[in-house]
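Subject: A structure for you to explore

Hello,

Here is the structure I promised to pass on to you. Have a look at it first, and then read on for what turned up.

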Amino acid sequence: QVQLVESGGGLVQPGGSLRLSCAASGFIFSIHAMGWYRQAPGKQRELVATITSRGSTFYGDSVKGRFTISRDNAKNTVYLQMNTLKPEDTAVYYCKREVEPSYWGQGTQVTVSS
């Protein structure tokens, strides 16, 4: 069965960095576009970044220039490098297989606070 398992979240100070990982299994990872989304308390889930099977990327306006999405098809893993973190980046971050039927991971909490 399809599984997406996120890791790498935690507590970080403003200006700091984190790298999230999403390990995929149960499908041919290399041919699927993948995405990262986030949901803050009381807010709707929003797109953070996506990456196609060929490595083309797209970013939400709020993270452009600070976050980088990448993938390692040999490891069936998609990453989100987050730099210059701000308190407003605090959210649960989810990995998603973009192509229908879509699948979501369970999420990993990122908290940016001093």
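Let me start with a definition, as you will need it throughout: a residue is called buried when its relative accessible area is under 20%, exposed when it is over 50%, and partly exposed in between. Please also keep in mind that this is a predicted model.

The overall picture

The protein chain has zero helices and 11 strands. Reading along the sequence, you meet one β after another: β-β-β-β-β-β-β-β-β-β-β. The radius of gyration is 13 Å, close to the 13 Å that the globule rule gives for 114 residues, so the chain is as compact as a globular protein of that length. Along the principal axes, its C-alpha atoms fit a box of roughly 40 × 25 × 20 Å. Of the 114 residues, 43% count as buried. If you look at contacts with a separation of 6 or more, 53% of them are between residues 24 or more positions apart.

How the strands pair

Strand 3 is a good place to begin. Strand 1 (residues 3–7) and strand 3 run antiparallel and are joined by five bridges. Within that pairing, V5 has A23 of strand 3 as its bridge partner. Strand 3 also pairs with strand 8, again in the antiparallel sense, over six bridges. There you can find R19 standing opposite Q81 in strand 8.

The disulfide

Searching the whole structure gives one disulfide. It joins C22 to C95, with an S to S distance of 2.1 Å. C22 belongs to strand 3 and C95 to strand 9, so this pair ties together parts that are 73 residues apart in sequence. The torsion about the S-S bond is about -80°, so the disulfide is left-handed. Are its two cysteines buried or exposed? C22 has a relative accessible area of 0% and is buried; C95, also at 0%, counts as buried.

The nonpolar core

In soluble globular proteins, nonpolar side chains tend to be buried together. The largest nonpolar core here has 28 residues, and W36, V78, L80, M82 and Y93 touch the most other members. Strands 3, 4, 5, 7, 8, 9 and 11 each supply at least two residues of this core. Which strand gives the largest share? That is strand 3, with four residues.

Try selecting Y93 in your viewer. Leaving out residues up to four places away in sequence, the residues Y93 touches include L20, W36, V48, F67, L80, M82 and V110. R38 is also one of its contacts, and you will meet R38 again in a moment.

The salt bridges

Side chains of opposite charge can pair when their charged atoms come close. How many salt bridges does a search of the whole structure find? The search finds four.

One of them is between R38 and D89, at 2.9 Å from N to O. R38 sits in strand 4 (residues 34–39), while D89 is in the loop between strand 8 (77–82) and strand 9 (91–97), 51 residues away. Both of these residues are buried.

D89 also forms a salt bridge with R66, where the closest N and O atoms are 2.7 Å apart. R66 lies in the loop between strand 6 (57–59) and strand 7 (67–72), and D89 in the loop between strands 8 and 9, so the pair ties together parts that are 23 residues apart in sequence. R66 has 10% relative accessibility and counts as buried, while D89 is buried at 1%. Put together, R38, E46, R66 and D89 are linked in a network of salt bridges.

Then there is the salt bridge between D61 and K64, whose closest N and O atoms are 3.2 Å apart. Why does K64 count as partly exposed? Its relative accessibility is 48%, and partly exposed covers the values between the 20% and 50% cut-offs, so K64 belongs in that class. D61 is exposed, with a relative accessible area of 67%.

If you would like a starting point, colour C22 and C95 to see the disulfide, then R38, E46, R66 and D89 to see the salt-bridge network.

Enjoy exploring, and write back with any questions!

Best wishes

Conventions: Residues are numbered from 1 along each chain as its sequence is written. This is a predicted model: local features need pLDDT of at least 70, side-chain atom pairs count only at pLDDT 80 or more; totals for chains, interfaces and linings use all residues. Side-chain values use heavy atoms; hydrogens and water are left out. A salt bridge is a side-chain nitrogen of Lys or Arg within 4 Å of a carboxyl oxygen of Asp or Glu. Buried means under 20% relative accessible area, exposed over 50%, partly exposed in between (1.4 Å probe, protein chains only). A nonpolar core is a set of buried Ala, Val, Leu, Ile, Met, Phe, Trp, Tyr and Cys residues joined through side-chain atoms within 4.5 Å. Contact means heavy atoms within 4.5 Å. A disulfide is a pair of cysteine sulfur atoms within 2.5 Å. Two strands pair if DSSP finds at least two bridges between them. The radius of gyration is taken over C-alpha atoms; the globule rule is 2.2 Å times the number of residues to the power 0.38.
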